Amino acid sequence: MNSLSIQLTIVGVDFDDEEFEEEDKSDIKRANEAFYNKFVSRLEYGVVGNCDYVLKEVSRPDVREVKSTMTGSVLRIGDTDSRPEEAMEIMIKTSKCTALARPKGFKKFARRKRTAEEEAAAKESMDVDETEDKTVFAQLHMRSEYYIEQDKAESVKGDGGGSAAGSVNGDAEDGQAERDKRLVKVEKEELVRGYKYGASFAPAPEDDFPKLPVRKGMDICGFFPRHNFRRELAMGEVYYVWADPVSPLQQVALSSIVQAMNELDVLAITRWVKTDKGEPRMGVLCPTIFEEIDCFLWVQMPFADDVRNFPFASLENLINKKGEVVKEHPYLPTKEQLDAMERFVDAMDLMDAGEKDEEGNRMPWFDTTMSYNPAIHRTKQALFHAAIVQDLNTHPLPPPHEELLKYFEPPRRVLKRAKDAIEECKRVFNVREVPKKVARVRKDEHVRARDEDEDMLLLDRQPGPSTQRVTQSISFSQAQKTSPSRTQKKPVGNDSDSSETEPEDDIEEEELLLNAARKPERTQAGPLPTPARSMSPDPRVDRNRAPGRIIGFTYPLDDFKKNIERGDVVTKAVEDLAFVIKEVITRPYAPRRYDEMIQCMHELRRVSLEEDEIDAWNTFIRELRDTCLESKPGNKEFWDKVRGIGRPLSFISSTEATKAGGRSDITESEAQKFIQD
């Protein structure tokens with residue numbers, strides 16, 4: 001066996017190895033195992049393995065290398081037809097360098113029904129037990145049939161309104177049968193292939209459109225510097241371009257071009273046509289020098305029509321309605337936020353998160369050669385398992401191999417290193433957990449929380465689309481007719497500002513403009529409703545809730561009370577009302593809503609004390625002071641009003657919390673000092 005270089009692999013059930021040793025092994029099995037180990041030890045190509053280890057290794061993912069078949073072609077430089085003395089042709093061979101791997105496709109099967117003859121034969125046969133009737137499956141095959149619908153005007157009769165309503169509300173099966181009667185089968189030979197052109201169809205010629213007069217081969221159209229190559233535009237698979245293996249002259253010619261392009265650090269723009277009058281493809285030839293051979297790598301590039309350019313508004317330069325550049329805005333990151341994000345990105349570096357090498361240096365954690373496609377290898381494992389077991393219910397599919405899950409979770413070393421950076425980003429960006437979305441039936445003005453993608457984009461104008469404003473205008477105008485206490489709109493020439501309705505131009509003063517063009521003025525007659533009005537909320541008016549919030553900006557106090565009555569969203573309601581108060585006082589029209597916000601704060605403090613949300617209130621009142629006095633634009637005037645009210649809007653002290661059955665870390669003296677400073 002050694003002289004013939006025969007390889008021998010012996011797989012034994014419960015054979016001993018470095019990780020496993022069977023207890024209470026019989027003498028016969030121990031003797032057989034010792035014999036095989038001794039026999040294999042004398043072979044040059046022999047190995048003994050444990051069956052469990054072998055089955056585990058069978059599920060290990062591996063990449064099957066396939067040798068591509070080389071196809072002959074020709075590489076042209078210059079115009080070989082018009083100026084053959086200035087052009088050259090090199091005979092080449094092309095083969096695949098990379099290939100897209102996909103999971104194996106599944107065939108569809110269905111239970112096969114017995115024909116009348118098979119049923120009769122089964123009844124007549126006395127040898128087959130009726131209780132052992134097995135289900136037979138048959139493979140499904142695709143079949144296409146073509147139908148055309150007749151003119152509907154001919155099939156629909158001029159009936160009255162009653163008969164039309166009856167046909168709509170009639171039996172669905174009758175309607176389907178009537179539609180089937182109007183369909184006429186058409187053979188495929190009677191069809192003509194066409195292209196959609198606007199609202200009509202343009203029929204294609206029988207022999208299709210004329211092909212471009214191109215010939216087989218690669219034509220170099222020009223050269224450009226390597227640094228101008230845009231890697232993101234590379235598409236499709238990569239091909240090797242070799243010189244003809246049986247022609248040394250062609251090999252020298254191709255090698256000289258590869259060496260020259262590599263020395264000049266340039267790439268070649270190439271048109272590749274695989275067959276005469278075939279579809280031309282544009283690509284790039286990259287010179288590649290291996291240890292013993294020179295060749296090109298060819299990758300396809302898109303045509304100009306294939307590239308779509310989608311312009312977006314600037315994320316750094318923001319302009320308000322007055323045309324001024326905004327320097328400070330929630331959409332613009334501060335230096336503290338930029339530094340925090342930079343430290344977070346640096347902490348997630350994977351280049352030194354792997355195992356240590358022989359010299360003790362950390363290696364990269366991710367290796368593309370060891371990253372496998374779970375869809376491919378898990379499907380392969382499932383096929384192998386289903387082929388060797390009879391019942392998948394009693395023998396379910398085992399878990400995937402550990403190598404397949406190797407890169408599913410980030411390394412612990414990086415998570416530990418990035419923990420402080422993550423906490424800092426949470427603090428700087430004020431990151432909060434979004435409550436789980438629960439779909440609820442619209443009732444008592446409560447609707448499900450909207451997804452982020454259901455609202456406007458980050459830099460879109462706020463408030464929402466004009467349809468919301470129209471709805472608000474209609475609701476407000478209807479409320480004006482029914483409520484005599486409503487303040488009417490002042491004439492344009494009146495300088496009085498007694499109306500509680502705020503002009504919309506003032507509201508939108510800080511809104512961002514994505515387009516320079518000014519929108520046409522609205523023609524609605526009535527002003528928009530403001531939350532400061534004393535009228536009862538119209539259910540048709542948009543509550544103006546932020547994404548993920550259950551408290552709206554329009555009627556925050558009303559929303560808060562209704563959510564508290566539910567009893568299951570107290571914590572969320574307290575958090576959202578605090579958010580609304582801090583947002584409203586920083587807007588340009590905040591002075592008009594001071595009294596309303598003070599009323600909201602009184603209700604919020606009362607509920608926080610009764611519902612054991614004391615820490616939430618103490619955190620809110622501290623953040624509110626920082627928002628008013630330390631942040632920009634701030635609102636010192638509103639904080640002066642809060643300070644004027646005094647102790648009823650300060651911290652909830654431990655004395656108050658104890659009386660209500662809660663707990664607080666704030667003393668009474670600290671609460672008094674906080675509201676007085």
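**View 1. Helices α14 and α16 pack at an angle of about 10°.** Helix α14 covers residues 570-584 and helix α16 covers residues 614-629; their axes lie 11 Å apart. α14 is therefore roughly parallel to α16, a label for angles under 35 degrees (over 145 is roughly antiparallel, 65 to 115 roughly perpendicular, the rest oblique). From α14, the contact uses V574, A578, I581 and K582. From α16, it uses A616, F620, E623, L624 and T627. Contact means heavy atoms within 4.5 Å. Axes are lines fitted to C-alpha atoms, for helices over the stretch in contact, and angles run from 0 to 180 degrees between N-to-C directions. The model is predicted: local features need pLDDT of at least 70, side-chain atom pairs count only at pLDDT 80 or more, and totals for chains, interfaces and linings use all residues. Residues are numbered from 1 along each chain as its sequence is written, and side-chain values use heavy atoms, leaving out hydrogens and water.

**View 2. The whole protein holds 19 helices and 17 strands.** Both kinds of element are DSSP runs numbered from the N terminus: helices are H or I with at least four residues, strands are E with at least two. The protein has 677 residues, and 29% of them count as buried. Buried means under 20% relative accessible area, exposed means over 50%, and partly exposed lies in between (1.4 Å probe, protein chains only). Take the contacts in the protein with a separation of 6 or more: residues 24 or more positions apart account for 66% of them.

**View 3. A barrel closes from 7 strands.** The order is β3-β4-β12-β15-β14-β13-β11, and the pairing is mixed. From one strand to the next, the twist averages 40°. Helix α7 (residues 248-264) packs on the sheet. It touches β3 (71-77), β4, β11 (217-225), β12, β13 (266-273), β14 (281-289) and β15 (294-300). The direction of α7 makes about 70° with that of β15. Two strands pair if DSSP finds at least two bridges between them.

**View 4. Strand pairs in the barrel run in parallel and antiparallel senses.** β3 and β11 run parallel, joined by 3 bridges. Here L75 stands opposite M218 of β11. β11 and β13 pair in the antiparallel sense, over 8 bridges. D219 has R271 of β13 as its bridge partner.

**View 5. Strand β12 pairs with β4 and with β15.** Strand β4 (residues 88-96) and strand β12 (residues 235-243) run antiparallel, with 5 bridges between them. K93 has W242 of β12 as its bridge partner. K96 is partnered by Y239, also in β12. β12 and β15 pair in the antiparallel sense, again over 5 bridges. Across that pairing, Y239 has W298 of β15 as its bridge partner.

**View 6. Aromatic rings make 14 pairs.** Rings of Phe, Tyr and Trp (its six-membered ring) pair if their centres lie within 6.5 Å; planes under 30 degrees apart count as stacked, over 60 as edge-to-face and the rest as tilted. One pair is Y239 with W298: the ring centres are 6.2 Å apart and the planes stand at 65°, so the pair is edge-to-face. Y239 lies in strand β12 and W298 in strand β15, so the pair ties together parts 59 residues apart in sequence. Y239 is buried at 11% relative accessible area. W298 is buried at 0%. The rings of Y240 and W242 have centres 4.8 Å apart and planes at 35°, so this pair is tilted. W242 counts as buried, with 17% relative accessibility. F35, Y36 and F39 form one aromatic cluster.

**View 7. Charged side chains sit over the rings of W272 and F553.** The charged end of K274 lies over the W272 ring, 5.2 Å from its centre. R587 lies over the face of F553, 4.5 Å from the ring centre. A charge sits over a ring if NZ of Lys or CZ of Arg is within 6 Å of the ring centre and within 35 degrees of the ring normal.

**View 8. S256 belongs to helix α7.** S256 is partly exposed, with a relative accessible area of 42%. S256 and D294 are 38 residues apart along the chain. Their C-alpha atoms are separated by 8.8 Å.
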